[in-house]
Amino acid sequence: MISETVTAQASGSFRMGDLTVHRVGLGAMRLTGSAAFHLGTPSDRERSITVLRRAVELGVNHIDTAAFYFSARRSANELINTALAPYADDLVIAVKVGPFRDWSGEWGTSARPDRLRGHVEENLRQLGRDHLDLVYLRRMSQDSIAEHFGALAELREEGLIRHLGISCVSPRHLTEALDIAPVVAVQNRYGLGTPDREADELLRMCGERGIAFVPYYAMAGKGAEAGAVEPGPDDEVRAVARAHGASPAQVQLAWTLQQGPHVLAIPGTGNPDHLVENIAAGALRLTPGELSRLRAAAAPQA
């Protein structure tokens, strides 16, 4: 696999509003344990801190987190604060609000619009900041996001939030949000192993509007939401990986990044070696033929 030290600068950069980030960032969910949330075993604290500091050393300046990213012993926001504060001027920390977990880790009712201020303030407290660079409204089951997004837009006017994003949405939700306030990023599930025509449409819409498209679970298959987020490459992915001397996970990340210059990657890991591999994927360039073959292999069978 590609293992030489490559920095995040190799992936290129993209502007989210007035913030410029390298296109390979870091997702913080896996810093807290061997699986998402309360699943698996809690991480080694010093190892997670090492991952965060090494990521910044390698040029990562975009970290995605949330107050509800915690395991029995670890909080992603606390780890970020400990490892990286005082924060570099160019470091962009994005958070998601809307979902809620109580102290025991159980999921509660998602926030009403009037409760989103509390979610924002909790992230501010945990991260030790006076404003948040980017806040995503993570849509849960609501049909319309107007009231929730409008509440975040008010907090943006107050200066608690610099930029707004939306997550887990359909194209119509993006249109709805843009009628209320600027949107600089959309975060949806998207990847080679999870083809989705609606996500393809969102990717296109974002590209036309200069909005960052930030996939999560980009290296995962259909079992990812149950915690199985390890890559599940098929024969075509393995063949392309062999041709480049890369790992299948690196091919999946490279494929994702090559879906458009506005596409960002936030692969999550608590493993320092995997971190280096993920960042190195930003330097991998697949040929047009390889991109077509991978897309065809992933397409649902009629």
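Here are some questions and answers about this predicted model.

User: Which residue in the turn between β1 and β2 has a positive phi, and of about how many degrees?
Analyst: Start with the two strands: β1 covers residues 13–16 and β2 covers residues 19–22, and they pair in the antiparallel sense over four bridges. Within that pairing, Phe14 stands opposite Val21. The strands form a hairpin with two residues between them, and the turn residue with the positive phi is Gly17, at about 65 degrees.

User: How far apart are the end C-alpha atoms of helix α3, and what span should its 12 residues have?
Analyst: Helix α3 runs over residues 116–127, and you can work from 1.5 Å a residue. That way its 12 residues should span 16 Å, which agrees with the distance between the end C-alpha atoms, 17 Å.

User: Which elements do the buried residues of α3 pack against?
Analyst: First, pick out the buried residues: Leu116, His119, Val120, Asn123, Leu124, Gln126 and Leu127. An α-helix has 3.6 residues a turn, so residues three or four places apart point the same way. The buried residues of α3 pack against α2, β5, β6, α4 and β7.

User: Which helix gives the most to the largest nonpolar core?
Analyst: In soluble globular proteins, nonpolar side chains tend to be buried together. Here the largest nonpolar core has 85 residues, and Leu152, Ile166 and Val186 have the most contacts inside it. The helix that gives the most to this core, with six residues, is α8.

User: Which residues does Ile166 touch, leaving out those up to four places away in sequence?
Analyst: Ile166 is one of the residues with the most contacts inside the largest nonpolar core. Once residues up to four places away in sequence are set aside, Ile166 touches Tyr136, Leu137, Ile145, Phe149, His173, Leu174, Ala177, Val183, Ala185, Val186 and Gln187.

User: Is Glu157 buried or exposed?
Analyst: Glu157 is found in helix α4. To count as exposed, a residue needs over 50% relative accessible area. Glu157 has 65% relative accessibility, so it counts as exposed.

User: Is Ala298 buried or exposed?
Analyst: Ala298 lies in helix α10, which covers residues 288–298. The cut-off for buried is under 20% relative accessible area. Ala298 has 18%, so it is buried.

User: What is the separation between the C-alpha atoms of Ala298 and Arg189?
Analyst: Leaving out residues up to four places away in sequence, Ala298 touches Leu192 and Pro195. As for Arg189, it and Ala298 are 109 residues apart along the chain, and their C-alpha atoms are separated by 15 Å.

Definitions and conventions. Residues numbered from 1 in each chain as written. Predicted model: local features only at pLDDT ≥ 70, side-chain atom pairs only at ≥ 80, totals over all residues. Heavy atoms only, no water. Pairing = 2+ DSSP bridges. Expected span 1.5 Å × (residues − 1). Buried < 20%, exposed > 50% of the residue type's maximum accessible area, 1.4 Å probe, protein only. Contact = heavy atoms within 4.5 Å. Core = buried A, V, L, I, M, F, W, Y, C linked by side-chain atoms within 4.5 Å.
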